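Welcome! Let us take a friendly first look at how the parts of this structure fit together.

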Amino acid sequence: MSPTRTMTINMGPQHPSTHGVLRLVLELDGEMVVKCTPHIGYLHTGIEKGLEGKRFQQGIPLTDRMDYLAPLSNNLVLVLAIEKALGITPPERGQTIRVLLTELTRIKSHLVWLGTHAMDIGAMSVFLYCFREREVILDLYEAVSGQRMMASYFRVGGLAADLPPGFEDKVQAFLETFPARLQEYEALLTENPLWRQRTVGIGAISREDAIAMGLSGPGLRACGVAYDVRKAHPYSSYERYQFDVPLGKVGDVYDRYMVRMAEMRQSHRIATQALARLTPGPINVADPKLIPPPKQLLKKSMEALIHHFKLYSEGFEVPVGEVYQAIEAPKGELGAYLVSDGGTRPYRVHFRAPSFVNLQAMPRMVEGRLVADVVAVIGSLDIVLGEIDR
Amino acid sequence: MSEPQTRTESREEAQATTESLVLRRLHEQFGQALLEVKVWRNETTVVLASQHLPQVCRFLRDDPDLAFDFLSDVTAVDRLNLPESSPRFEVVYHVYSLQHGRRLRLKVRVGEGQAVPTVTGVWPTADWHEREVYDLFGVSFEGHPDLRRILMPDDWEGHPLRKDYPAEASPKWWEEEPA
């Protein structure tokens, strides 16, 4: 008998279900995937190199472009790392607004995941509903920062500006309608036999393998590992919020779906608490070396003028040292490693991008399975190539 | 495994144990391999002699009191423009213990052209991280199963995150292109 011949095909980089410019080289035996080799780098923009040339505060807009579905989470990890190196913490109102907006960001990111994941598998209408809700959050982004997607709203030491008037009511209105909407999506998918056929038992990874491969976020929690950075190492006062960490059991595509759906409920819970905690107060640290003075003061106060000039012409210095700051981004553990040589620009910044690490585990999930499952697994990993390639 | 939210020790206590317990165990086992220990902003950094790296990593992962089972990240720093610039590269490992909630930073220093032993045998997730360091810094990893560029094209020249690599394209790159 002649040996079985396998066929090698390219999936991507221009393939609608690879969520950007991911290229997979699949070795197929009929419909069966024998070997899967991801090729990345098509979206490499040198963000880490770019940050080395920018002053600390200037680098924030670059981070928006990493995980462009969750820009504020990226802002947050960079400003937290710089704040850790400086040894400062923003005041309570600033932190609460950060929590409120990053949780809305998580919902926004998960909505795109749900819509595209469902569409890849063939459920077209979910996509339209998800984008309807996402639109509301984009409007909220626009209200705080003037930008719908690349908000760059967080600053070292606090925020770019306080919330605009009427913002709380808009968030309140969204939070009131969202649980019912979430129920609608679940009604479309959770018990749907077609959905279950395509997801239950597909792309499973064991708990040990998940840890060995460095999987984090919903992918790791779907295997039953209760690792959530917000609980394990709270930042921005997350320890003051009541929320659960949803877990799965077998770590298949369906479990990852269930974990993310439950996470949206928890994010809604946190956002509701954050909204209730919003009391008037300062949003920025009271340090004129870090935070520019109010514009009106420039005409009256010599110090304010000097501080303003120094801040925009030189920036501020960060003490010599290195820090690693991790946050729970929608995709998993997003880390920023910052090395400062005492100057006004970072000596080195590195991002531990969760999508980069999660994608690496993909061959283990699809090898030995059908080609159609590859699409389901990519969707369930919720990768963003902007973050993988940086 | 104990769940993070039910752990009783606070973050400060956990960090204090990292410093005492982890460092004590490392000193007992690998006294001569530890070149430097630093603590800054509650983060512990241990600089190792590179030839001992795989044994130390295996010990950190397998010792039940330490159980650093999760490798968060591997990256590197080109120290060319720092006051202390020799050896030139520092490869940085961020390891985490899911069970104990502790983080630890390991470092090895290597010069131009020297290889670092791979840790893919200890944490398989190191595979892509090490490829990224190889690609962007030109530091090679001995024993790595598949060491090739990952972000840059295969035929790329140079290693972009080195400090002597320009951040912007110089005009001469374009001049060489036929009009």
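A good place to start is a meeting of two helices: A:Val253, A:Arg256 and A:Tyr257 in α11(A) touch A:Ala376, A:Val377 and A:Ser380 in α15(A). Here, contact requires C-beta atoms, placed from the backbone, within 7 Å, and helices are DSSP runs of H or I with at least four residues, while strands are E runs of at least two, numbered from the N terminus. The residues of this contact comprise four nonpolar, one polar and one charged. Nonpolar covers Ala, Val, Leu, Ile, Met, Phe, Trp, Tyr, Cys and Pro; charged covers Asp, Glu, Lys and Arg; the others, including Gly, are polar.

This is a predicted model, in which local features need pLDDT of at least 70 and side-chain atom pairs pLDDT 80 or more, whereas totals for chains, interfaces and linings use all residues. Residues are numbered from 1 along each chain as its sequence is written, with chains lettered from A and ligands numbered from 1 in the order in which they are written.

The axes of the two helices are lines fitted to C-alpha atoms over the stretch in contact, with angles from 0 to 180 degrees between N-to-C directions.

| Helix | Partner | Angle | Axis distance |
|---|---|---|---|
| α11(A), residues 253–277 | α15(A), residues 371–381 | about 25° | 9 Å |

α11(A) and α15(A) are therefore roughly parallel, a term for angles under 35 degrees.

Elsewhere, A:Ile9 sits in strand β1 (residues 7–11) of chain A. A:Ile9 has 10 C-beta neighbours inside 10 Å, so it counts as exposed (12 or fewer other C-beta atoms within 10 Å). Leaving out residues up to four places away in sequence, A:Ile9 touches A:Leu26 and A:Leu28.

Note on methods: Parallel < 35°, antiparallel > 145°, perpendicular 65-115°, else oblique. Buried ≥ 20, exposed ≤ 12 C-beta atoms within 10 Å, placed from the backbone.
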